[in-house]
Every structure is written in C-alpha cells, then in structure tokens.
Amino acid sequence: MLKNIAGIWMDQSKAHLITFRGTEAVITTIESSYKRLSREEGKGSTNTRFRADAFSNNEDNKQNKKMLEKAKYFKEIEKSIKNLEEVYLFGPTNAKIEFLNLLQEKKTFMGRVSKVENADKMTRNQMVARVKEFFDLKK
C-alpha cells in the first residue's frame with residue numbers, strides 16, 4: 001500500500017499540493033490572499049496618502065497585514081497536510097524554509113518533512129514528475 005505522501009511546490013503567493021490516488025496525481029492549489037501590489041486611490045508608490053488631512057506612511061500596517069496573511073496562508077497549507085506521513089517541499093522562494101520552520105515548532109509534524117529543495121517555476125507536469133522522482137513512484 002502506498003504511503004500517504006505529498007510534494008508541495010510553493011512560493012510566497014501560492015502552493016501546489018501534489019498528492020496521489022493510486023498512481024494518479026491530484027494537484028490542489030492554495031493561494032495566499034496577500035496582494036503585494038495593491039494600491040488605494042490617492043496613494044503614491046510609497047503608500048503615502050496625498051491629502052491635507054492625512055499624510056502618513058503605512059509601512060507598519062503593510063508589514064502587519066503581510067505577516068497576518070502569510071500566517072493564514074501557512075495555516076491553510078498546514079491543515080491540508082495534517083494527515084500526511086511524508087512531505088517534500090520545493091520552490092523558488094524562502095517560503096518553503098519559513099513554512100518548514102513553522103512545522104518544526106509543532107510536535108505533530110516532527111520528522112514528516114523529508115527534504116526541502118530549491119526549484120524554479122514549473123509546469124504542473126514538471127511538478128508531478130519531480131514529486132514522483134523524489135518518492136521513486138513508477139508509472
């Protein structure tokens with residue numbers, strides 16, 4: 001019987017969870033709700049409002065929002081892997097390392113992440129092939 005395994009290609013904005021039903025790959029996408037380039041009416045490129053009654057830089061607010069959204073994003077991924085025995089993380093950004101650090105703080109996930117690797121942007125087929133190769137799954 002196949003182990004309950006998955007590969008996760010992830011960056012800061014989305015994660016593709018690749019699991020298997022028999023030999024068939026199932027890809028579930030989890031997206032972060034944080035949008036890096038959101039701008040409000042009347043704000044310049046530094047998010048400083050140009051009006052007589054409001055002139056403030058919202059860097060702290062932006063950082064807090066980003067942290068909250070990232071925590072929510074990681075929590076969604078965490079919920080989706082809670083029943084897995086083994087997980088392989090890969091992707092182009094440090095999001096995979098940040099997620100691994102979060103998992104290592106929890107006893108329930110100790111030892112479940114078998115490897116973390118850098119990977120460029122990939123097509124769905126390339127992701128599936130990489131996960132199959134990692135877990136040595138033959139067709």
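**Exercise 1. A helix and its span**

How many residues does H1 have, and what does H1 reach from its first C-alpha to its last?

*Solution.* Before we start, note that this is a predicted model. Step one is the residue count: H1 has 22 residues. Step two is the reach from the first C-alpha to the last, which is 32 Å. Step three is to set this beside the expected value: at 1.5 Å a residue one expects 32 Å, and the reach of H1 is close to that.

**Exercise 2. The order of the elements**

Find out how many helices and strands the protein chain holds, and in what order they come.

*Solution.* Start with the tally: the protein chain has five strands and three helices. Then walk along from the N terminus, where the elements read β-β-β-α-β-α-β-α. To round off this overview, take the 139 residues of the protein chain, of which 35% are buried. Finally, look at the contacts with a separation of 6 or more: residues 24 or more positions apart account for 62% of them.

**Exercise 3. Laying out the sheet**

Work out the order of the strands in the sheet, and which strands sit at its edges.

*Solution.* First, the order: the five strands form an open sheet that reads E3-E2-E1-E4-E5, with mixed pairing. Next, the edges: E3 (24–31) and E5 each pair on one side only, and these are the edge strands. From one strand to the next, the twist averages 20 degrees.

Now zoom in on one pair of strands. E2 (residues 14–21) and E3 run antiparallel and are joined by eight bridges. For a spot to look at, find His16, which stands opposite Thr29 in E3.

**Exercise 4. Placing two helices**

Which strands does H1 lie across, and which does H2 lie across?

*Solution.* Take H1 to begin with: it lies across E1, E2 and E3, and runs at about 155 degrees to E3. Turn to H2, which lies across E1, E4 and E5 and runs at about 160 degrees to E5.

Then ask what is buried in each helix. In H1, the buried residues are Glu69, Lys70, Tyr73, Phe74, Ile77 and Glu78. Their cover includes E1, E2, E3 and H2. In H2, the buried residues are Ala95, Lys96, Phe99, Leu100 and Leu103. Viewed down the axis of H2, these buried residues fall within an arc of 135 degrees, so they line one face of the helix. Their cover includes strand E1 (5–10), H1, strand E4 (86–91) and E5.

**Exercise 5. One residue in detail**

Decide whether Ala95 is buried or exposed, and find what it touches.

*Solution.* Locate the residue: Ala95 is found in helix H2. Check its relative accessible area, which is 0%; because buried means under 20%, Ala95 is buried. Look at its surroundings, leaving aside residues up to four places away in sequence: Ala95 touches Met10, Asp11, Gln12 and Phe74. Lastly, compare sequence with space for Ala95 and Ser13: they are 82 residues apart in sequence, while their C-alpha atoms are 9.0 Å apart.

**Exercise 6. Following the salt bridges**

How many salt bridges are there, and which parts of the chain do Glu98 and Lys70 link?

*Solution.* The count comes to six salt bridges. One of them joins the side chains of Glu98 and Lys70, with N to O at 2.7 Å. Glu98 belongs to helix H2 (residues 95–104) and Lys70 to helix H1 (residues 59–80); the pair links distant parts of the chain, 28 residues apart. Now add accessibility: Glu98 is partly exposed at 29%, whereas Lys70 is buried at 19%.

Try a second pair, Glu78 and Lys106, whose closest N and O atoms are 2.9 Å apart in a salt bridge. Glu78 lies in helix H1 and Lys106 in the loop between H2 and strand E5 (113–118), so this salt bridge ties together parts 28 residues apart in sequence. Glu78 is buried, with a relative accessible area of 9%, while Lys106 is partly exposed at 24%.

End with Glu117 and Lys115, a salt bridge whose closest N and O atoms are 3.2 Å apart. Glu117 is partly exposed at 22%, and Lys115 is partly exposed at 37%. Through salt bridges that share partners, Lys115, Glu117 and Arg130 are joined into one network.

Key. Residues numbered from 1 in each chain as written. Predicted model: local features only at pLDDT ≥ 70, side-chain atom pairs only at ≥ 80, totals over all residues. Heavy atoms only, no water. Salt bridge = Lys/Arg side-chain N within 4 Å of Asp/Glu carboxyl O. Helix = DSSP H or I, 4+ residues; strand = E, 2+ residues; numbered from the N terminus. Buried < 20%, exposed > 50% of the residue type's maximum accessible area, 1.4 Å probe, protein only. Arc of directions from axis to C-beta. Contact = heavy atoms within 4.5 Å. Pairing = 2+ DSSP bridges. Axes fitted to C-alpha atoms, helices over the stretch in contact; angles between N-to-C directions. Expected span 1.5 Å × (residues − 1).
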